[in-house]
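Subject: Two-chain model, handover and notes

Hello,

Here is the structure you asked to take over. My notes on it follow below.

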Amino acid sequence: MVKRVAIVGIGTTGFRPVTPDVSFRELIFEAARKAYSDAGIEPSEIGGFVTAAEDFLEGYSIADEYCPDQIGAVLKPTQTIPGDFLHALATGYMMIMTGAFKTVAIEAHSKASNVKTIDDMMGFALDPVYNRPLRETPHAIAGLEMTRYMFETCTSSEQCAKVVVKNRGNAMRNPYAAFAAELTEKDVLGSEPVSLPLHRLDIAQHADGAVVAVLADDQTAQALGGTPIWIDGIGWCTDTPTLEMRDWGEAAYARIAAEMAYRMAGIANPRGLVDFAEICDEYSYKELQHMEALKFCNRGEAADMLESGATSLQGELPVNISGGALGVGHLFEASGAHKILELVEQLRGHAGARQIPDVNIGLAQVWRGVPTATGAVAILSNM
Amino acid sequence: MSISEKITKTTTPTYWEGEIPVNYIYTFGLAGEAFFRAIKDKGTFLATRCEECEVTFVPPKAYCDRCFEKLEKYVDVGTTGYVETYTVTFRNMDGSAKKLPRILAMVRIDGTDGGIIHYLQGIPFDEVAIGMPVQAILKPKAERVGGIEDIVGFGPPKR
């Protein structure tokens, strides 16, 4: 019987603002070759494949049909999930736990630079009857939420700007990151207003790139050698799509997804047990709101925790040492993929200049972006 | 990131431009039709209420998303509410800059758990506050067609 599932290989292209030289399929091919090489396995030996993609982002109806070739999945059990990489990870985990699959490869990518009308594309996600007719920027949904979050938690725009400074600064040590920069709070608050209190630099910019990971059951993982990174907990949750009925201050989808993952991992005290975390910061305030949802601190205390340095590389609970979405880039459905990549590198001790010392348990959390209220959490360990 | 041979000219990468022209109609449904008909004909907002869960839905839903019961009773909840949250938007949906920024608010309709996302009108930005009372401003009846744009926005409540 399968007791545990591990990540036994991972590969990536890294992340760039544009990738004009390669198609999205070639991006995936590069990540897949690296992942299979890392795992020491051929795609012909892999039992099943799960990809994460969304038709509108890809520019194809039924985009899933365009996934098999570049991951070695032709004429194999393959499926595409219209969700984040973490949803694919959950599916791959469950496939292996059934005992029917010894290994599963999972994939997600972003070729955002190919979407010519990316603002409109994001706007099409708004309710066509109640919200879309106003033809507002979808960032306005985040602006509304940021105002309410700041009001309920007594958080300031300056404190939100500090998230941007920290994460883009962290990206300076991450060779995969597209948007490393040494910024000041003044730079953030002085950038053009998009939907106040959101400024341009509060918003993660899109990047291209692909990640593929190979999962295996405990026996196969031990046989392959290397350092298996175990999936100890996973959870996911979706709130109502009706914006008008939502709680605008709290990220309930993240809290409930985390509770599910913590329960599975047997973690009662996240702040004491989680060594580091990669969490969704697609808008600056989101990192703070998500820290509270993940129970790293009480409501209204995330900004204080940030300012105390507790979430920096040297702090007690480093958050977004990769640079997060602000520093690495907003990768749409691959958002969870770069977080898992960072967890694996840190837990293997391969994170180079940004290595956090003595880490055993890492947490990844994603949100599917405006206007969704969908989140997922995964907890990985190297023990 | 080329696969086998390095591309040495930045003008080399080529692409094909395509578009996906798809058009839709979006059916209001029973609850949506009741809601927009009330705005158009009576100038008021309708809600559905789940007595079991003590939740009042605006816009109305034909079912309760908590206990999963069918909701068939519509109640007139009027057009007043308060600012739950707000933002000042500088861009349009296509990313282009607005000529003038606008204040967009989530207005919680009084006595309900829902509301309407729309513009604030006649309220200067430095006077907007969470919790401030507002009332819907509707287009003149003859101009209303049954849609969210029958609402011009929300302004100070009429006495």
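Among contacts in chain B between residues at least 6 apart in sequence, what percentage join residues at least 24 apart? The value is 51%, where two residues are in contact if their C-beta atoms, placed from the backbone, lie within 7 Å. For chain A, the share of contacts between residues at least 6 apart that join residues at least 24 apart is 76%.

Some conventions before the rest. This is a predicted model, in which local features need pLDDT of at least 70, side-chain atom pairs count only at pLDDT 80 or more, and totals for chains, interfaces and linings use all residues. Residues are numbered from 1 along each chain as its sequence is written, while chains are lettered from A and ligands numbered from 1 in the order in which they are written.

Chain B

Chain B holds one helix and eight strands; helices (H or I, at least four residues) and strands (E, at least two) are DSSP runs, numbered from the N terminus. The order from the N terminus is α-β-β-β-β-β-β-β-β. Its radius of gyration is 22 Å, against near 15 Å for a compact globule of 159 residues. That radius is taken over C-alpha atoms, and the globule rule is 2.2 Å times the number of residues to the power 0.38. The C-alpha trace of chain B spans about 70 × 40 × 35 Å along its principal axes. Buried residues come to 33% of the 159 in chain B. Here a residue is buried if 20 or more other C-beta atoms lie within 10 Å of its own, exposed if 12 or fewer, and partly exposed in between, with C-beta atoms placed from the backbone.

Chain A

Chain A has 14 helices and eleven strands. Its radius of gyration is 19 Å, which agrees with the value near 21 Å for a compact globule of 383 residues. Along the principal axes, the C-alpha atoms of chain A fill a box of roughly 50 × 45 × 40 Å. Of the 383 residues of chain A, 60% are buried.

Two domains are assigned in chain A: domain 1 (5-116 + 206-224) and domain 2 (231-381). These bounds come from an automatic or database domain assignment. The C-alpha centres of the two domains lie 22 Å apart. Their contact takes 28 residues from domain 1 of chain A and 22 residues from domain 2 of chain A. On the domain 1 side, strand 1 (5-12), helix 3, strand 4 (103-111) and strand 7 (208-217) of chain A each give two or more residues. Helix 3 of chain A has the largest share of that side, with six residues. By class, the domain 1 side divides into 19 nonpolar, seven polar and two charged residues. For these classes, Ala, Val, Leu, Ile, Met, Phe, Trp, Tyr, Cys and Pro count as nonpolar, Asp, Glu, Lys and Arg as charged, and the others, Gly among them, as polar.

Helix 3 and the core

Helix 3 of chain A covers residues 85-97, and the distance between its end C-alpha atoms, 18 Å, agrees with the 18 Å expected for 13 residues at 1.5 Å a residue. The expected span is 1.5 Å times one less than the number of residues. Is helix 3 of chain A largely enclosed or largely open? Ten of its 13 residues are buried, so helix 3 is largely enclosed by the rest of the structure. Among the buried ones are A:F85, A:L86, A:L89 and A:I96. Just after helix 3, A:G99 takes a positive phi of about 90°.

The largest nonpolar core has 164 residues, and A:F85, A:V211 and A:A378 have the most contacts inside it. Such a core is a set of buried Ala, Val, Leu, Ile, Met, Phe, Trp, Tyr and Cys residues joined through C-beta atoms within 7 Å. Helix 1 (residues 24-39) of chain A supplies the largest share of this core, nine residues. At least three residues of the core come from each of domain 1 and domain 2 of chain A. Beyond its neighbours within four places in sequence, A:A378 is in contact with residues including A:L86 and A:L89.

The chain A–chain B contact

Between the chains, 37 residues of chain B are in contact with 35 residues of chain A. Strand 4 (80-91), strand 5 (97-109) and strand 6 (115-119) of chain B each supply at least two residues of the chain B side. Strand 4 of chain B gives the most, with eight residues. The chain B side has 20 nonpolar, eleven polar and six charged residues.

Regards
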